[in-house]
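Me: I'd like to go through the packing in a model with you. Could you take my questions one by one?

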Amino acid sequence: MKATLVKKPIGMLVLINLLAFLLLFFYRKPHNLQILYVGGSIMVLNVITYSVIVFLKLGDEYLFLIASMLITVGVVMLCRLNYTLGIAQVGWYLASLGVFYVTYIAYRYINFWSNLKWLYFALSVALYILTLTVGVTINGAKNWIVVGGHSFQPVEVIKVLFIFFLAARLTGNNKKILNLPENYATAFFAFIFIAFLLFQREWGIMLLFFFCYITLIYIYDSNKLFVALNVLVCTVVGVAGALTMHHIAVRIHTWKNPWSDISNTGYQITQSLFAIAAGGFFGTGIGMGRPDFIPEAHSDFIFSAICEEMGVFGGVAVILLYLIFIYRGIKIVLTLPKGFDKCAALGITIMFAFQTFIIIGGVIKLIPLTGITLPFISSGGSSLVSSFISLGVLQAMSARGNEHGK
Amino acid sequence: MPRIYVFLSSFFKYVFIAIIYLFIFGIMKMIYLDIRKTDLPRPKGIPKGMPYLQLITDANTLYFEVSKAYPLDGEKIIIGRGVSCDITVDDLYLSARHVKLWYADNEWYIVDLESTNGTYINGTKMDKEPLILDSGDKIRIGQLEFLVVI
């Protein structure tokens with residue numbers, strides 16, 4: 001019995017939880033018992049949720065397993081960087097799991113989600129306007145709302161609403177608006193979503209929305225000319241932005257040559273590259289590198305911190321985890337019958353995929369850097385809760401897909 | 001930093017990487033076994049041990065009625081558009097009597113009944129000679145593709 005448990009992935013997960021947090025316990029003097037509590041609670045939450053999914057047959061069991069491994073890696077790194085961030089992250093993890101179950105139940109047993117497209121739109125616009133009026137600027141982007149000492153990013157919720165809205169528009173029956181053809185009306189509303197991000201200077205999310213929108217219409221719209229037109233519009237908007245907006249021009253310049261202004265605009269990306277280089281293949285070992293030199297090492301640049309202390313192999317493992325996560329997502333999409341569910345599941349999966357690509361590509365200087373979070377790993381409540389809403393929806397759909405297959 | 005910690009951390013970095021890769025390997029193996037198991041579920045209504053034809057084409061994309069599986073029940077089965085066939089499918093690309101399958105000497109044989117659009121076995125168009133079917137062969141007629149399960 002024991003031997004089989006160790007061989008199973010869940011056994012590996014428990015093992016890495018035990019070892020990593022024991023190691024971290026000895027990292028700083030005086031020894032802080034809280035680290036052990038953090039490790040213990042992460043482990044218990046992982047095991048309980050995994051058991052619930054397996055024994056109550058809540059659909060696909062791999063999605064959560066992969067996500068919990070990513071969370072473990074993230075929390076280990078956060079605890080190493082800053083105790084308080086790690087502890088806060090566990091709190092958010094607990095809250096996110098609550099959200100995950102609620103989303104699962106709501107999506108699994110209630111079936112009117114495809115009819116609410118104008119609610120999604122109205123809610124998103126309301127959140128956007130709220131952010132623009134009472135929002136607070138943190139790190140150059142006006143996208144935070146502070147309520148009672150806690151700050152959160154409404155745009156993380158809008159991400160999910162955007163996918164739901166697109167899925168409902170692309171697969172449902174739409175009433176004609178102003179005699180526009182259906183797909184042009186959809187494009188109009190999608191660009192409204194994207195235009196609001198322009199005011200918030202959220203280039204990362206903007207890019208993400210562009211990618212998801214183009215991919216979805218490429219799959220769902222048979223009119224090639226319309227798709228080409230959309231790609232053209234996006235390219236024109238992108239090029240115009242790069243030429244006229246100072247912020248974007250700086251980002252592209254630092255991407256092409258960060259070394260020319262290393263102490264100022266190129267500082268983040270060069271520190272990130274130094275960290276990855278310092279790690280080598282196996283990394284310096286947890287607690288032995290200097291990821292504290294990287295700005296934002298706990299959120300946007302956490303991938304560089306992982307690469308420094310766990311090595312290129314650790315970084316590649318993280319990418320592989322995302323890869324099999326997205327593979328499972330596509331697999332679920334294939335089992336679903338045609339319609340809203342299929343489109344929404346596809347949208348959520350590609351949103352995870354593009355988000356991971358944009359931020360990892362950014363910190364390794366493959367593409368210009370835009371600040372978005374790494375799903376499941378970066379510190380931050382809004383990002384984690386939003387990822388778990390998406391995961392809950394995917395989980396519910398996998399259960400539906402199983403039913404459909406039988 | 002205490003020397004013991006330096007030693008432990010340098011040692012455990014290899015352990016962590018090994019465990020994460022074993023974890024990924026474990027999940028991939030489970031997924032692989034899962035795929036193999038769910039690859040060929042026996043469809044509803046087909047008794048155990050009965051040979052059958054399973055539709056591979058996505059039935060949702062077709063405008064006519066078609067079952068997900070047809071049992072090969074009997075000595076001789078004719079598939080076509082005509083109502084006198086054993087298996088009738090209203091696909092415009094099928095001939096009235098398109099293809100014949102029959103059982104003899106412990107083998108299933110197939111022959112094309114000089115249909116207009118032909119019969120493809122595993123992607124190759126068959127000529128007038130009958131062929132022996134094996135489990136896992138794919139038959140394409142009209143817009144339909146069937147998997148042979150014997």
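Reply: Happy to; cores, a chain contact and a helix pair follow. This is a predicted model, where local features need pLDDT of at least 70, side-chain atom pairs count only at pLDDT 80 or more, and totals for chains, interfaces and linings use all residues. Residues are numbered from 1 along each chain as its sequence is written, with chains lettered from A and ligands numbered from 1 in the order in which they are written.

Me: Which helix gives the largest share of the largest nonpolar core?

Reply: Such a core joins buried Ala, Val, Leu, Ile, Met, Phe, Trp, Tyr and Cys residues through C-beta atoms within 7 Å; buried means 20 or more other C-beta atoms within 10 Å of a residue's own, with C-beta atoms placed from the backbone. The core has 125 residues, and I163(A) and F209(A) have the most contacts inside it. Its largest share, 15 residues, comes from a helix (a DSSP run of H or I, at least four residues, numbered from the N terminus): residues 62-81 of chain A, helix α4.

Me: How many residues of chain A are in contact with chain B?

Reply: Contact means C-beta atoms, placed from the backbone, within 7 Å. Chain B brings 23 residues, and these meet 30 residues of chain A.

Me: How are α9(A) and α14(A) oriented to each other?

Reply: Helix α9 (residues 203-220) and helix α14 (residues 340-363), both of chain A, have axes 9 Å apart and an angle of about 140 degrees. Axes are lines fitted to C-alpha atoms over the stretch in contact, and angles run from 0 to 180 degrees between N-to-C directions. Angles under 35 degrees are roughly parallel, over 145 roughly antiparallel, 65 to 115 roughly perpendicular and the rest oblique. The pair α9(A) and α14(A) is therefore oblique.

Me: Which residues does I163(A) touch?

Reply: Leaving out residues up to four places away in sequence, I163(A) touches C212(A), A344(A), G347(A), I348(A) and M351(A). Among them, C212(A), G347(A) and M351(A) also take part in the contact of α9(A) with α14(A).

Conventions: A residue is buried if 20 or more other C-beta atoms lie within 10 Å of its own, exposed if 12 or fewer, and partly exposed in between; C-beta atoms are placed from the backbone. Helices (H or I, at least four residues) and strands (E, at least two) are DSSP runs, numbered from the N terminus. Two residues are in contact if their C-beta atoms, placed from the backbone, lie within 7 Å.
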